[in-house]
Amino acid sequence: IREYDALRDRKPLRTCVVELQDFERGLEPTLPKGEEMADRYLAHMLRRCDESLGRVFVAEEDGTVVGFVGVLGRVVPEPDESQAYAYVSDLVVLPAYRRHGLGRALLERAAAFARGKGAKTLRGGVLAPNQGAARLYRSYLRPRRPVAPPANRAATRGSDVARPKAAQEARLGLEAVADLQR
């Protein structure tokens, strides 16, 4: 697991974004095709990481990028929340490399990064039908109340128009949190 390098990793990162989107489109057919949104979303994700003191980390096997995690380093809390937190915006491992511990390693790297930035908690969420990701998140993060992801994450990858908060909450099957103070 290493930090994303824009010069050498943009194309494989884009491949991972397309894979993630097309997988989620299989779960939520109203989402656009990966090829249609990948460039726009990748630029948006990288900008959000920069704005939130975040990073993208890639998983490599034999010199090939096979997955990534995007972590927002500091998300400003909503009015009903007490403190800022870090957020896993995206996590994907290409199908041929799943179930080998790379997803967990990416989550652990995201947590270490967030902890180093002073975050007290790390949050992440998955779509309701994504059982594999839900199992991974439950193994590392503890479930918490269902809430929408920060700053239209689902809306941005899903369409150009923000979905109502209730629709986001219904689609978000699990939001989980890790206490980084341990």
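Mean pLDDT for this protein comes out at 78, with 69% of its residues at 70 or more. Keep in mind that this is a predicted model. The weak spot is residues 151-174, where pLDDT stays under 50. The model still has 62 contacts beyond four places in sequence for that stretch, but where pLDDT is low, the predicted coordinates should not be read in detail.

**Overall build**

There are six helices and seven strands here, and along the sequence they run β-α-α-β-β-β-α-β-α-β-α-α-β. Of the 182 residues, 51% count as buried. If you take contacts between residues at least 6 apart in sequence, 64% of them join residues at least 24 apart. The accessible surface comes to about 9000 Å², and carbon and sulfur atoms account for 50% of that.

**Rings and charges**

How many aromatic pairs does the structure hold? Just one. A pair like this is described by the distance of the centres and the angle of the planes. Phe 57 and Phe 113 sit edge-to-face, 5.6 Å centre to centre with 65° between the planes. That angle earns the edge-to-face label because the cut-off for it is over 60 degrees. The two partners come from distant parts of the chain, 56 residues apart: Phe 57 belongs to strand S2 (residues 55-61) and Phe 113 to helix H3 (residues 102-116). Both rings belong to buried residues, with a relative accessible area of 0% for Phe 57 and 10% for Phe 113.

Two arginines also lie over ring faces, as the table shows.

| Arginine | Ring below | Distance from ring centre |
|---|---|---|
| Arg 98 | Phe 23 | 5.4 Å |
| Arg 123 | Tyr 85 | 3.8 Å |

**Cysteines**

What is the disulfide count? It comes to zero. For reference, a disulfide is a covalent bond between the sulfur atoms of two cysteines. As for individual cysteines, Cys 16 is buried at 0% relative accessible area, and Cys 49 is buried too, at 3%.

**Backbone oddities**

Most residues other than glycine have a negative phi. Asp 62 goes the other way, with a positive phi of about 50°. You'll find Asp 62 in the loop between S2 and strand S3 (64-75). Is Asp 62 buried or exposed? With a relative accessible area of 82%, Asp 62 is exposed, because anything over 50% counts that way.

Arg 99 is another non-glycine residue with a positive phi, near 65°. Its place is the loop between strand S4 (85-93) and H3. Arg 99 also counts as exposed, at 78% relative accessibility.

**A glycine in helix H2**

Gly 34 is worth a look as well. This glycine is part of helix H2, which covers residues 34-51, and is buried with a relative accessible area of 0%. What does Gly 34 touch, leaving aside residues up to four places away in sequence? The list is Val 18, Gln 21 and Asp 22. For Val 18, which is 16 residues away along the chain, the C-alpha to C-alpha separation from Gly 34 is 4.1 Å.

Methods:
Residues are numbered from 1 along each chain as its sequence is written. This is a predicted model: local features need pLDDT of at least 70, side-chain atom pairs count only at pLDDT 80 or more; totals for chains, interfaces and linings use all residues. Side-chain values use heavy atoms; hydrogens and water are left out. Helices (H or I, at least four residues) and strands (E, at least two) are DSSP runs, numbered from the N terminus. Buried means under 20% relative accessible area, exposed over 50%, partly exposed in between (1.4 Å probe, protein chains only). Contact means heavy atoms within 4.5 Å. Accessible areas come from the Shrake-Rupley method with a 1.4 Å probe; for residues, only the protein chains shown count as cover. Rings of Phe, Tyr and Trp (its six-membered ring) pair if their centres lie within 6.5 Å; planes under 30 degrees apart count as stacked, over 60 as edge-to-face and the rest as tilted. A charge sits over a ring if NZ of Lys or CZ of Arg is within 6 Å of the ring centre and within 35 degrees of the ring normal. pLDDT is the predictor's confidence in each residue, from 0 to 100. A disulfide is a pair of cysteine sulfur atoms within 2.5 Å.
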